[in-house]
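Okay, thanks for coming, everyone. Let me put the structure up so we can walk through it together.

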There are 2 protein chains.
Amino acid sequence: MTRRLHLALYLDDHGIHAGGWRHPRATPPGEHGLALYRRLAEAAERAKLDLLFIADKLAVDDVYGGDFGAVLEHRPNTHLDPIVLLSALSSVTERIGLAATASTTYSEPFHVARMFASIDHLSGGRAGWNAVTSVSDGEARNFGRAEHLGHQERYERAAEFLTAVRALWDTWDEGAVLADQAAGRFADASKVRYADHAGDWFQVRGPLPVPRAPQGRPVIVQAGASGVFQRLAAANADLVFAVAPTLERGVEFYRGFKRQVREAGRGEHEVRVLPGIMPVVGETDEQAREVERELRALVLPIAGLTFMSASMNLDLSRFPVDGPVPDVRDEIRGSKGRFQHVIADAIDRGITLGELGAEYAATLSFPLVAGSPATIADEFQRWFEAGACDGFVLMPPYVPGGVTDFFEQVVPELQRRGLFRTEYEGHTLRDHLGVERP
Amino acid sequence: MTRRLHLALYLDDHGIHAGGWRHPRATPPGEHGLALYRRLAEAAERAKLDLLFIADKLAVDDVYGGDFGAVLEHRPNTHLDPIVLLSALSSVTERIGLAATASTTYSEPFHVARMFASIDHLSGGRAGWNAVTSVSDGEARNFGRAEHLGHQERYERAAEFLTAVRALWDTWDEGAVLADQAAGRFADASKVRYADHAGDWFQVRGPLPVPRAPQGRPVIVQAGASGVFQRLAAANADLVFAVAPTLERGVEFYRGFKRQVREAGRGEHEVRVLPGIMPVVGETDEQAREVERELRALVLPIAGLTFMSASMNLDLSRFPVDGPVPDVRDEIRGSKGRFQHVIADAIDRGITLGELGAEYAATLSFPLVAGSPATIADEFQRWFEAGACDGFVLMPPYVPGGVTDFFEQVVPELQRRGLFRTEYEGHTLRDHLGVERP
C-alpha cells in the first residue's frame, strides 16, 4: 500500500493564530452553540480527514499577573468540555475519527475508560483519547491542590493511569454479550473479568459496565515533547501530536521517537507521528502572505505572554516586556520539552520578551505555511518525504474560512498527488490510521 | 395557565421490567450503537415530552454472592457513560430536555459543572444534572475505596458538591463575552469571578472556562426518598424523580416534600415532583394484562435479588430464596429510604424472598399500570388530580415498542384531555418544566 498522509483537524471555535479570532472572515468566538463545530466537523469529514482532535485545559489561564483579567480581556479563553463536544459530534458524523483530551492528573481511570469506550460504541469505532498530564497551577486549584504535580510525579501517575484504563478496556472479551432473549442469558460471564488494578496512584476493580469497544481499545493519542513524555508515548500511544517548529527539528524528533518505539518492542508504524502545522491558504503565494500579514497585525502581544505563562506554568509578568527574553528554562513547571526550545531559540536570536510574545501568539511555535494550494502541498510533501512526519494536525489560523479553504483547495491537490485518500477505506479510526486493532 | 403534566422518559437500551429485555418485541440489549437511543429520543421529542432522563451506576453489580457472575448471566447490566450518551443525543434532538446522572461521591465539582454547562450551550439550554450520591461498594472499589461512604457522610459531601457546582456556574455573568473583534476585546473580565469554594470536601477556585449557561444554571434533578435526601432536594432541586409504589404513598411524599420546599424558603412550584411509573399499554385492558403476564413469565427471580442486593448494598445471597423475607432494614447501606418500605411491606405480606425478588425485578417497586390508553390516562389523571405528582417519569417495560406505544396511543389521549402539551411552548428545559431561570 502506498504510504499516505494522515490528517487531523484541531477543532475549536476561534482558530489558533492569536490574531485569528479578530479576522474579518472569522466567526465571533465564545458563543459555543453546536452550529460552528458541526459545520467544521462535517467539512472535515467531506475532506476525508482521519480525525478531529479536541484539546483541553482545566482552567481559565491565570498565571500571567496571577489573575485571569489580562487573559479574558485579550483572547478567547473559553471552551466546552471536550468529551461533551466530541460526543455531540459523534452523532452528526459517520466516518471521521474523534479524539478528545482527558487529563491523567485530574481524572479517574474509571471515568476516562468508560467515556471513551462509550464514544467508541456510539460512533461505531471512531474514538481516540488524548492522554495529557495537564500543565498549570490554575488547573490544580480547580481540583483541591495548591500546585500542579511535579513533572516526574505526573508522568508516573500517567503511566499508571494508562495501565489502569487499558486493564478496564480489557475486562470484556469480544463476544461476551449473548443477549439470548429466549434462553434468558444476557452474557457469558466467563468472558468478563475484574481489572483488579492496584498501584501507587489508583485502585480500580472493574469490570467496566461497557462491553468491549468496537476498536478493541479506543486509539491512544499523546501530545508532548519531553524525554519522559517520549518514553511513555513510545510504549503506549497509537498517535503522537508533535510540536516541530521546523522540518529539521521534525526529522530529529521523528527519528528519535521512532527509535524509542522500536526499543519499546513495537513496530515503528504502530505509532503515527503528526506534528501540528498552521496553513494559511491563498489563491497565490502573495495573497496568502498578505493574509498572514493581516493576521499578524491583529495580534495583541500580551495575548502571547499570557498563553506562554499558562503553558509554562510560570508568570512572565515579572519581566519587562521590552527587555531581553529571560533564561527561565530551569523554572518551567508546565510543558517543559516544548518551551526549553522556544526560550533557547529566542535568546539566541536576541529578541525582546514582547516580540517573543507576539511571535508565539501567532503560531504557538507551530510552523506556519502561507501560500497557494500548490505551495502548501509542496511543503506537506517535503516534510512527509523527508521523514519528518506521518501526516499533520491542521491548526486553523481562524475559523471557519481558514480551514474550509484548506479542505476545498489543498486537499484536492494532495489527492491529485496520491498523498491523501479520496475515500474512506475502513470504518474505524484505527482503520484510517492503519494501526492495528489490539 | 392550566396545570399540566410533565413527562420524562427513563432512557436505556433494555427497558425496566426484568422480563422486558426478553420480550419478543424488544430489541436485543447490550449493543450500544446510536440507533436505538436515537430512535427513542426522537420518538420522545415527537411526543413533546419534557425530558430524557439517563440513570447511572458506576459499576457492574456484584453485591449478590460477591461477584458479577449471577448478574451478567441473568440480566442486561451494561450501560454507556450517561454524559457521553446525553451529549450524543443533544445534537440529534432540538427541543426535548436532556438530563443525566453524575455522582457527587465519585466525581469532581469542576468536571460536573463544566460538562452540564457545556451540554446546556450545545443544546441551547436543555441540560439537567441528576445529582446522586451512588449506592454500592462496587462503585467505591472503582474509585480507590474499599467501601461506599456512609449515608450521612455522602449527603454532607453532596450538599457541598452542589454548592461548589452552583458557585462555578455563577462565575460568569450574562453578557461577559463581548467577542469584539474590531477592538480586540474578548470579554469583560469584571463580569467574571473566582468561585473560591473552600469546604470540607472540595477546594475549587474557578472560574469555569465556559461562559454562563443559556439556562443561567442547568436544571438540577435529584432522585431519592430518605429524609436526608428530601432536605437536600428541597433546598436544591428543580425536579425530583420520586419512588411512590401507590397513589397514597405518592400523596404522602408529595405533601411532605412540598412542605419542606416551603420551609426551605422556596415556592412549592419551584420543584417538580415526578414519580416513576411503568405503563403497559394494550388496545384493551385485557390485552394489556396479557402483556403484563407475558412479561412476568419472562422474569428470572435471581435477577431481582441481584438488583436489590446492589441497590441496598447488602448481599441477599446469604438468605434462603424460599425462606421469609429477612428484616434487614438496619443493614441497608445503599438506597435506604426506598428499601425500608420495600422490606417492611414484603414482611407484612408474608411473601418469600424469592417472591420478593421476582416482584421487585418486575417493576423495581415502581407502580405498574396495565390497560388501554384510556385506562392509563385515567390513572395518570387520578394521581395528578389527587396531588400525588406534577407528572411522571415513564419507565418503559421494554424498548422500543413498550414506550413508542405509549407515545402513539396514550399521549394523544392525555392531550385530548388537556393534561399534556400538544406543542413545545418554550425552548429550554426550564421553560418546559415551568421552573424559573436563576
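Before we start, one term: a nonpolar core here is a set of buried Ala, Val, Leu, Ile, Met, Phe, Trp, Tyr and Cys residues joined through side-chain atoms within 4.5 Å. And keep in mind that what you see is a predicted model.

So, with that term in hand: the largest nonpolar core has 187 residues. Those with the most contacts inside it are A:W129, A:F406 and A:F407, along with B:W129, B:F406 and B:F407. Take A:F407 as an example. Leaving aside residues up to four places away in sequence, A:F407 touches A:L9, A:L40, A:A43, A:A44, A:A47, A:L49, A:L394 and A:P412.

Now, how do the two chains sit relative to each other? A turn of 180° with a shift of 0.0 Å along the axis lays chain B on chain A, with an RMSD of 0.0 Å. The two copies are thus related as by a two-fold rotation axis. In chain B, the residue that comes closest to that axis is B:A88, with its C-alpha at 2.1 Å.

Next, the interface. Chain B gives 84 residues to the contact and chain A gives 84. The copies meet through the same surface, because 100% of chain B's interface residues are also interface residues in chain A. About 6500 Å² is buried between them, and carbon and sulfur atoms give 60% of that. On the chain B side, B:L122, B:Q181 and B:F186 lose the most area to chain A, together 12% of what that side buries.

Last bit: which charged pairs cross over? There are eight salt bridges between chain B and chain A. One of them joins B:R205 to A:D62, with the closest N and O atoms 3.3 Å apart.

Technical notes:
Residues numbered from 1 in each chain as written. Chains lettered and ligands numbered in written order. Predicted model: local features only at pLDDT ≥ 70, side-chain atom pairs only at ≥ 80, totals over all residues. Heavy atoms only, no water. Least-squares fit on C-alpha atoms with pLDDT ≥ 70 in both. Contact = heavy atoms within 4.5 Å. Buried < 20%, exposed > 50% of the residue type's maximum accessible area, 1.4 Å probe, protein only. Buried area = accessible area lost by both parts, 1.4 Å probe. Salt bridge = Lys/Arg side-chain N within 4 Å of Asp/Glu carboxyl O.
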